[in-house]
Amino acid sequence: MIHASRLTKIYGDPENGLKAIDGLNLKIEQGQRVALLGRSGSGKSTLLNILAGLDRPTSGELIVAGKSLFELSPAEIAHYRMTSVGVVFQSFQLISHRTAAQNVELPLILAGVHAAQRKSRVDECLQRAAIDHRRDHKPTQLSGGEQQRVAIARAIVAKPPLLLADEPTGNLDTQTAEQVTRLMLDVVAENNATLVLITHDQELAKTCATRTLQMQDGQFISDTALPETGARSAGATV
Ligand SMILES: Nc1ncnc2c1ncn2[C@@H]1O[C@H](COP(=O)(O)OP(=O)(O)OP(=O)(O)O)[C@@H](O)[C@H]1O
Ligand SMILES: [Mg+2]
C-alpha cells in the first residue's frame with residue numbers, strides 16, 4: 001500500500017534547510033494499522049501530510065495505492081486525495097461556512113458521486129459517527145468532540161483504502177476519544193483499509209495498531225510489530 005525509499009523533505013534551502021524527513025525507507029501493507037510515535041518536531045506530521053498528498057517530498061521515491069506520488073501532476077494529486085485517502089487532523093479542519101452534513105458530503109461531490117447516492121452515504125456516516133442530530137449545525141456550533149466526529153465521517157465517507165490520522169483524539173475527553181477511535185477502527189476493519197495514526201499516547205497506539213514506528217529527527221529509530229489482540233478486532237470495546 002505504501003512504499004517509500006530514501007524519502008526526504010527539506011524545508012527552505014535544499015542545501016542548508018531543515019531536514020524534516022531524512023532518507024526514510026518504509027513499507028506498509030494493505031490492512032496494516034501503524035501508530036507513528038515520536039517527540040514533537042520529529043517529522044510525524046510532515047510524513048503524514050506527504051502521504052496525504054498535501055505536501056510534496058523533496059527527493060526519493062514514494063508509491064501509495066499504486067501511484068507514484070512524486071510524479072503526479074496537481075490534478076492527479078487532487079484525484080488521489082479524493083479517491084485514495086481520508087485524513088483526520090487534531091484541529092478538525094472543517095469548512096466553517098458549511099453544515100456538518102455538507103462537510104461530510106464534500107468528498108463525494110468532488111468525486112462526482114450522484115446526489116441520491118450521496119445522501120444515503122452521508123446519512124449513514126453521520127449516524128455511525130453519532131452526530132446525525134447535529135447535521136445542520138455549522139462547526140462553530142459544535143463541541144470539539146462533535147467536530148471531530150464530523151471530521152471522521154468526512155474522512156470515511158468515500159471509503160478510502162488509506163486512513164491517515166494526526167493526533168485525532170488529542171483534544172478530546174477520554175470517553176469521546178474512545179468513541180472516535182472505535183469508529184475509525186471499525187471502518188478500517190470493514191474496508192481492510194490501512195491506518196496510519198500519529199499519537200503521543202502509548203496506550204492508544206497499543207489499542208489501535210499492529211505496528212509502531214518511532215520517529216526521531218526525520219528518521220525511524222524503531223519499528224515494532226504488536227500482537228493482534230481481541231481489543232483491536234472489529235466490534236470489541238476499546
Ligand atoms: N512549513 C514548514 N516550514 C519550515 N519548517 C517546518 C514546516 N513544517 C514543519 N517544519 C519543521 O519540520 C520539523 C518536523 O515538523 P513536524 O510538524 O513534522 O513534527 P511533528 O513530529 O509532527 O511534531 P508535533 O508532535 O509537535 O506535532 C520541525 O522541526 C518543524 O519545525
Ligand atoms: Mg505534528
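Here is a walk through this structure, from its overall form to its core. Keep in mind that you are looking at a predicted model.

Let's begin with the whole protein. Its secondary structure comes to seven helices and 10 strands. The radius of gyration is 17 Å, close to the 18 Å that the globule rule gives for 238 residues, so the protein is as compact as a globular protein of that length. If you draw a box along the principal axes, the C-alpha atoms fill roughly 50 × 40 × 30 Å. Of the 238 residues, 40% count as buried. The chain also brings distant parts of its sequence together: among contacts between residues at least 6 apart in sequence, 70% join residues at least 24 apart.

Next, find the two domains. The domain assignment gives domain 1 as 1-84 + 160-238 and domain 2 as 95-159. Their C-alpha centres lie 23 Å apart, and the contact takes 14 residues from domain 1 and 14 residues from domain 2. On the domain 1 side, helices α2 (74-83) and α6 (174-190) each supply at least two of the touching residues. The largest share of that side, five residues, comes from α6.

Now turn to the sheet. Six strands form an open sheet in the order β6-β7-β8-β3-β9-β10, and their pairing is mixed. At the edges you will find β6 (85-89) and β10 (219-225), each of which pairs on one side only. From one strand to the next, the twist averages 15 degrees. Look at one edge in more detail: β6 pairs with β7 (residues 162-166) in the parallel sense over five bridges, and there V85 has L162 of β7 as its bridge partner. Helix α1 (residues 44-51) lies across β3 (33-38), β7, β8 (194-198) and β9 (211-216), and runs at about 150 degrees to β8.

What holds the middle ground between the domains? In soluble globular proteins, nonpolar side chains tend to be buried together. Here the largest nonpolar core has 62 residues, and those with the most contacts inside it are I152, A153, L164 and M184. Domain 1 and domain 2 both give residues to this core, so it lies between them. To see one of these residues in its surroundings, pick out L164: leaving aside residues up to four places away in sequence, L164 touches L48, L51, A52, V85, V87 and V196. V85 is a residue you have already met, as the bridge partner of L162.

Note on methods:
Residues are numbered from 1 along each chain as its sequence is written. Chains are lettered from A and ligands numbered from 1 in the order in which they are written. This is a predicted model: local features need pLDDT of at least 70, side-chain atom pairs count only at pLDDT 80 or more; totals for chains, interfaces and linings use all residues. A nonpolar core is a set of buried Ala, Val, Leu, Ile, Met, Phe, Trp, Tyr and Cys residues joined through C-beta atoms within 7 Å. A residue is buried if 20 or more other C-beta atoms lie within 10 Å of its own, exposed if 12 or fewer, and partly exposed in between; C-beta atoms are placed from the backbone. Domain bounds come from an automatic or database domain assignment. Two residues are in contact if their C-beta atoms, placed from the backbone, lie within 7 Å. Two strands pair if DSSP finds at least two bridges between them. Helices (H or I, at least four residues) and strands (E, at least two) are DSSP runs, numbered from the N terminus. Axes are lines fitted to C-alpha atoms, for helices over the stretch in contact, and angles run from 0 to 180 degrees between N-to-C directions. The radius of gyration is taken over C-alpha atoms; the globule rule is 2.2 Å times the number of residues to the power 0.38.
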